[in-house]
4 protein chains.
Amino acid sequence: MSLSEDQTIAIPRAPESASSTFRATVPALEQRLHQPIPLLDHGFIRVIDYMGDDGAIVQAARVSYGRGTRKVSEDEGLIRYLMRHRHTTPFEMCEIKFHVKLPIFIARQWIRHRMASVNEYSARYSVMDREFYIPSPANLAAQSTSNRQGRDAVLEGDEAVEVLRLLRADAERAHDHYAWMLNEGIGDSPADPARQGLARELARMNLTLNTYTQWYWKIDLHNLFHFLSLRADPHAQYEIRVYADAMMEIVEAWVPVAARAFRDYRLGAASFSAPMLAVLRRMLAGETVAQPESGLAPREWREMMAVLQPPA
Amino acid sequence: MSLSEDQTIAIPRAPESASSTFRATVPALEQRLHQPIPLLDHGFIRVIDYMGDDGAIVQAARVSYGRGTRKVSEDEGLIRYLMRHRHTTPFEMCEIKFHVKLPIFIARQWIRHRMASVNEYSARYSVMDREFYIPSPANLAAQSTSNRQGRDAVLEGDEAVEVLRLLRADAERAHDHYAWMLNEGIGDSPADPARQGLARELARMNLTLNTYTQWYWKIDLHNLFHFLSLRADPHAQYEIRVYADAMMEIVEAWVPVAARAFRDYRLGAASFSAPMLAVLRRMLAGETVAQPESGLAPREWREMMAVLQPPA
Amino acid sequence: MSLSEDQTIAIPRAPESASSTFRATVPALEQRLHQPIPLLDHGFIRVIDYMGDDGAIVQAARVSYGRGTRKVSEDEGLIRYLMRHRHTTPFEMCEIKFHVKLPIFIARQWIRHRMASVNEYSARYSVMDREFYIPSPANLAAQSTSNRQGRDAVLEGDEAVEVLRLLRADAERAHDHYAWMLNEGIGDSPADPARQGLARELARMNLTLNTYTQWYWKIDLHNLFHFLSLRADPHAQYEIRVYADAMMEIVEAWVPVAARAFRDYRLGAASFSAPMLAVLRRMLAGETVAQPESGLAPREWREMMAVLQPPA
Amino acid sequence: MSLSEDQTIAIPRAPESASSTFRATVPALEQRLHQPIPLLDHGFIRVIDYMGDDGAIVQAARVSYGRGTRKVSEDEGLIRYLMRHRHTTPFEMCEIKFHVKLPIFIARQWIRHRMASVNEYSARYSVMDREFYIPSPANLAAQSTSNRQGRDAVLEGDEAVEVLRLLRADAERAHDHYAWMLNEGIGDSPADPARQGLARELARMNLTLNTYTQWYWKIDLHNLFHFLSLRADPHAQYEIRVYADAMMEIVEAWVPVAARAFRDYRLGAASFSAPMLAVLRRMLAGETVAQPESGLAPREWREMMAVLQPPA
């Protein structure tokens with residue numbers, strides 16, 4: 001399951017064997033097809049297949065709206081209108097399929113997005129490789145004191161050294177014992193004919209959650225944008241965000257107009273609640289408003305002020 | 001919204017403008033791409049785009065099963081195994097997009113299949129064409145007396161003539177009044193500047209259910225097989241079955257191995273309940289079993305016997 | 001399928017026959033259970049069943065967040081936090097089932113919401129009643145000139161009279177012919193033994209789109225909020241908005257805390273795009289900004305200004 | 001997260017505090033409400049809430065079929081008909097919510113069923129308890145030699161002792177180091193003020209896959225039947241099958257008629273492919289058929305013969 005081996009396993013046709021097609025084709029994405037983008041220490045993502053382009057979004061929207069909005073020059077405006085007003089169904093008309101290698105604890109977050117198709121490497125059938133995610137020192141973060149689900153400053157000194165040592169040692173020991181229990185002659189554990197060998201579906205339970213798995217993951221553009229709005233967000237865990245960021249770059253090559261609209265109207269947008277809008281109108285009328293008289297809870301007030309400050 | 005006009009609206013690129021792609025490509029389907037197949041009196045279906053082929057099913061299954069089942073010669077066996085044992089996720093890795101023109105009362109059946117993406121022509125935004133489904137005389141069937149949802153013998157004589165006359169006259173009158181109410185200068189109704197014109201979202205309610213609509217419909221192969229198992233079935237209404245049959249032919253060009261497995265293990269298969277299996281075992285042991293002593297209700301008995309008779 | 005008959009068909013147990021349960025129960029919703037709320041001229045909606053309450057949302061969120069956030073006093077704050085930050089899964093833990101009677105052209109809009117369960121009255125099996133939606137004069141609106149999908153001023157004078165006459169006459173005639181074609185002795189059409197009678201699945205195509213249908217519709221609270229955010233919106237068609245408004249009142253009786261959060265953070269909220277936020281920051285800094293130098297398209301500028309004006 | 005603590009956390013109302021409701025209520029299920037059923041060594045499942053009963057399935061089907069099939073005596077026949085002919089939507093009208101505690105490697109299988117709602121205990125927010133699944137000696141099985149995903153004979157002697165020792169030691173050590181890395185004063189690891197403590201979202205990666213997690217899981221009856229058809233099957237992994245078996249018992253208390261139909265037509269049923277049906281007809285006509293002349297592959301032949309043998 002190493003990267004080089006994966007390429008031989010899963011790429012069914014060599015890049016030189018191009019075909020001729022009448023389908024919508026995106027040259028900028030063709031160049032990236034099948035090419036793994038390395039992520040974390042052993043992970044990667046790559047595009048296996050895709051359907052549609054910016055034009056396919058427009059084409060579907062035009063069926064809904066019928067005659068009269070057919071000028072090609074209006075395409076970008078139409079896509080931006082669809083995005084702004086959350087007319088989401090035309091974005092479902094584009095589809096993309098990824099091959100992803102990722103740590104199991106990240107796979108568990110990822111799989112919560114249900115509107116996608118998945119085929120994951122099965123440890124019931126097959127043997128898991130001896131590959132684990134060990135954070136780089138720069139990503140070894142302390143628990144945030146202000147945010148129960150966040151991280152804070154980088155761990156330093158002896159503590160960092162010891163954490164990295166433990167993560168590696170526990171993962172390796174667990175996998176060594178996994179290999180011994182399987183008794184299939186894996187790694188340094190020769191098969192012992194006197195032993196029966198534990199069933200794979202049981203032995204896998206001894207692995208640690210930073211073990212790498214891999215899957216094929218297919219999703220439409222609307223649902224991918226939803227995934228990205230949550231996972232390319234600064235509040236997302238770093239280890240899933242790197243995958244989201246790589247997908248965002250791929251999306252920009254694939255459907256540049258839709259990607260730009262997504263950045264403007266979703267990723268970079270902010271929602272103001274009814275009480276926040278009331279405060280905003282007072283401020284725009286020249287009034288100085290402070291939190292206690294704003295009608296907003298302190299937390300909401302801080303969230304609103306953070307949005308209204310010019311970004312650094 | 002006539003067929004010829006649709007072609008100019010919705011086909012974004014001429015067939016001669018082929019592109020080069022590294023994606024899985026199916027020449028037999030490329031030939032059919034964008035080509036409408038006429039159905040009923042004014043309907044059609046055509047393939048707009050697709051993703052994947054038989055190999056994509058195998059590729060996804062191989063990720064699940066990992067090493068050791070990689071021989072190319074085993075591909076057909078693997079696809080048949082997946083189909084037989086309802087391992088459905090690899091079939092989700094193929095996707096297809098259709099452009100369909102169909103009567104509204106059929107669209108209402110069709111839309112019940114939720115696991116698909118749809119963009120329908122909107123009568124809130126646009127004006128509906130004056131096109132209706134009128135059955136051919138051979139498809140003008142009487143109500144079945146044995147099956148509350150079925151049809152029976154063909155209507156004959158004066159009754160058939162009168163039914164066809166009524167269907168046509170009511171649809172045309174309703175559309176003529178629709179055009180008059182819109183007051184947009186459609187068909188034989190010149191726009192009258194003295195009138196305001198009814199809102200489109202209201203005027204559409206005057207149309208009859210055999211008015212044609214159209215949509216883009218995108219679905220993965222697993223869900224398409226589910227659709228076909230219900231709608232390519234002899235119990236399905238004729239007017240939706242013709243679309244299902246056309247899609248089945250398209251699927252056979254697209255993923256011939258999977259299509260054959262689907263025919264053998266789904267379309268042509270029969271399920272025997274636990275009580276039916278008990279009867280079957282007695283019969284195979286040489287016993288003569290009659291319904292009263294079978295433990296089956298009369299209706300189940302008839303269903304079982306119908307399956308066990310050699311097809312005519 | 002008239003309202004009074006529906007009650008006898010579909011309410012399986014009389015209101016006096018209350019049961020004892022350990023499930024979460026909402027007295028304010030129990031009072032409304034099974035009681036139809038009349039809508040439009042012949043439609044209605046009523047609650048058939050429900051699962052969960054505000055507490056069920058909190059309970060599910062607490063499983064995610066684990067120990068340490070268990071104070072009852074924090075429940076409302078938690079629900080508002082979930083709504084504000086689009087942590088949607090706890091809202092899926094509440095479920096509601098409605099019985100709805102509605103015109104077919106509205107049913108066609110409604111059914112586009114796929115994440116719900118539906119059982120609709122089938123015109124393949126059964127005969128449709130002679131009931132049609134005819135707008136009240138106050139709701140007979142002209143086509144909007146500024147918005148292709150909107151309506152504008154009320155139709156007046158002879159035109160209004162004629163439109164109402166046509167809507168009623170065409171619907172009634174179509175149903176009369178439907179009954180004649182069925183030849184089942186419906187309404188004023190006695191069954192003629194000399195005629196075969198057209199199959200129900202075919203005869204239905206002669207009905208107009210304002211014919212009433214009915215269904216059971218079951219949905220979780222998260223998806224219901226999504227439905228309401230689109231259909232209780234001023235841009236939604238009036239004829240579906242009345243159903244959404246009735247459901248919103250039901251939701252307020254059922255989960256009052258979640259409903260309030262939904263009003264504040266979704267229904268009454270506005271989203272500002274990245275370019276809009278840039279403009280907003282300039283305005284708050286005291287700068288006077290006009291559209292041409294705002295970086296916003298004229299349409300976006302108008303949308304933003306409409307939000308920032310104090311509501312009338 | 002121990003069982004006793006869970007009961008105090010998550011049961012929102014004591015069993016004596018029953019409410020009065022007009023909703024469909026099932027006394028046999030009320031008795032089981034909130035009561036955990038212990039499974040494996042530390043797991044459990046319990047019903048938190050439910051909506052509907054056998055009558056709700058009938059009620060929804062009757063809306064579809066309309067008038068004329070209303071006799072109460074026909075209810076069981078109708079439910080069995082729906083099940084036999086895969087008319088699945090009425091079964092979606094019943095809903096159930098479970099609270100489940102289960103090992104992570106089983107949770108990973110379970111979550112693949114997408115048509116359900118889930119709220120899982122989050123190790124990003126909260127600390128995982130020191131509880132692991134260790135198989136009982138009777139369930140410590142060797143890898144099957146005939147089936148790549150199966151298990152075979154029970155492990156015996158020293159090998160079994162050593163496997164159990166390794167599973168326990170690795171899980172405990174990993175959790176001890178997890179607690180040390182967190183530095184929150186958990187278990188035997190006192191908080192050291194000189195250390196920063198690793199972020200929870202990172203520390204969790206050190207845990208083994210047999211660590212217990214818990215979730216709320218809500219699903220409709222149709223999708224639950226699909227889950228059970230796969231996971232209550234003898235080919236399912238033992239550790240998920242015990243949960244499926246417990247749910248099957250719960251379903252029998254909840255909707256006894258539907259559960260019986262499910263056993264007869266789904267769990268105990270067998271599907272015969274078109275080629276199998278051809279063989280069957282020859283056998284019933286008295287012919288002796290052997291595999292080589294059957295047209296079936298050896299594997300299909302064995303599968304068919306296994307079904308046709310009287311069960312032991």
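In chain A of this predicted model, five strands form an open sheet in the order β2-β3-β4-β8-β5, and their pairing is antiparallel. The edges of that sheet are β2 (37-39) and β5 of chain A, each of which pairs on one side only. Averaged over neighbouring strands and with direction ignored, the turn of one strand against the next is 20 degrees. The points below begin with the fold of chain A, pass to its contacts with chains B and C, and end with a residue of chain D.

**Chain A as a whole**

- Chain A contains 12 helices and nine strands, and its C-alpha atoms fill a box of roughly 85 × 60 × 30 Å when taken along the principal axes.
- Of the 312 residues of chain A, 46% count as buried.
- Among the contacts in chain A with a separation of 6 or more, 67% are made by residues 24 or more positions apart.

**The sheet of chain A and the helices on it**

- Within the sheet, β4(A) and β8(A) run antiparallel and are joined by nine bridges, and in this pairing Leu102(A) has Thr213(A) of β8(A) standing opposite.
- Helix α8 (residues 221-231) of chain A lies across β4 and β8 of chain A, and runs at about 125 degrees to β8(A).
- Helix α9 (residues 238-254) of chain A also packs on the sheet, where it touches β2, β3 and β4 of chain A, and its direction makes about 35 degrees with that of β3(A).

**Helix α4 of chain A**

- Helix α4 (residues 75-84) of chain A includes the buried residues Ile79(A), Arg80(A), Leu82(A), Met83(A) and Arg84(A), so that two arginines stand in this list beside Ile79(A), Leu82(A) and Met83(A).
- After α4(A) comes Arg86(A), which has a positive phi, near 50 degrees.

**How chains A and B are related**

- A turn of 180 degrees, with a shift of 0.0 Å along the axis, lays chain A on chain B with an RMSD of 0.0 Å; this is the relation of a two-fold axis.
- The residue of chain A that comes closest to the rotation axis is Ser20(A), whose C-alpha lies at 2.4 Å.
- Of the interface residues of chain A, 100% are also interface residues in chain B, so the copies meet through the same surface.

**The contact between chains A and B**

- Chain A brings 46 residues to this contact, and chain B likewise brings 46 residues.
- On the side of chain A that touches chain B, at least two residues each come from β1 (19-21), β3 (43-51), α3 (54-65), β4 (95-103), β5 (117-120) and β8 (212-220) of chain A.
- The element that gives the most to this side of chain A is α3(A), with eight residues.
- By class, the residues of chain A on this side divide into 20 nonpolar, 16 polar and 10 charged.
- Strand pairing also crosses from one chain to the other, as β1(A) and strand β1 (residues 19-21) of chain B run antiparallel and are joined by three bridges, with Thr21(A) standing opposite Ser19(B) in β1(B).

**The contact between chains A and C**

- Here 20 residues of chain C are in contact with 19 residues of chain A.
- The side of chain C that touches chain A draws at least two residues from each of α10 (256-267), β9 (270-272), α11 (274-284) and α12 (298-308) of chain C.
- The largest share of that side of chain C, seven residues, comes from α11(C).
- The side of chain C that touches chain A has 13 nonpolar, three polar and four charged residues.
- Strand β9 (residues 270-272) of chain A pairs with β9(C) in the antiparallel sense over three bridges, and the bridge partner of Phe272(A) in β9(C) is Ala270(C).

**A residue of chain D**

- Leu78(D) lies in helix α4 (residues 75-84) of chain D, and Leu78(D) is partly exposed because 19 other C-beta atoms lie within 10 Å, whereas a residue counts as buried at 20 or more.
- Leu78(D) and Asn223(D) are 145 residues apart in sequence, and their C-alpha atoms are 19 Å apart in space.

Note on methods: Residues numbered from 1 in each chain as written. Chains lettered and ligands numbered in written order. Predicted model: local features only at pLDDT ≥ 70, side-chain atom pairs only at ≥ 80, totals over all residues. Least-squares fit on C-alpha atoms with pLDDT ≥ 70 in both. Contact = placed C-beta atoms within 7 Å. Helix = DSSP H or I, 4+ residues; strand = E, 2+ residues; numbered from the N terminus. Nonpolar A, V, L, I, M, F, W, Y, C, P; charged D, E, K, R; others polar. Pairing = 2+ DSSP bridges. Buried ≥ 20, exposed ≤ 12 C-beta atoms within 10 Å, placed from the backbone. Axes fitted to C-alpha atoms, helices over the stretch in contact; angles between N-to-C directions.
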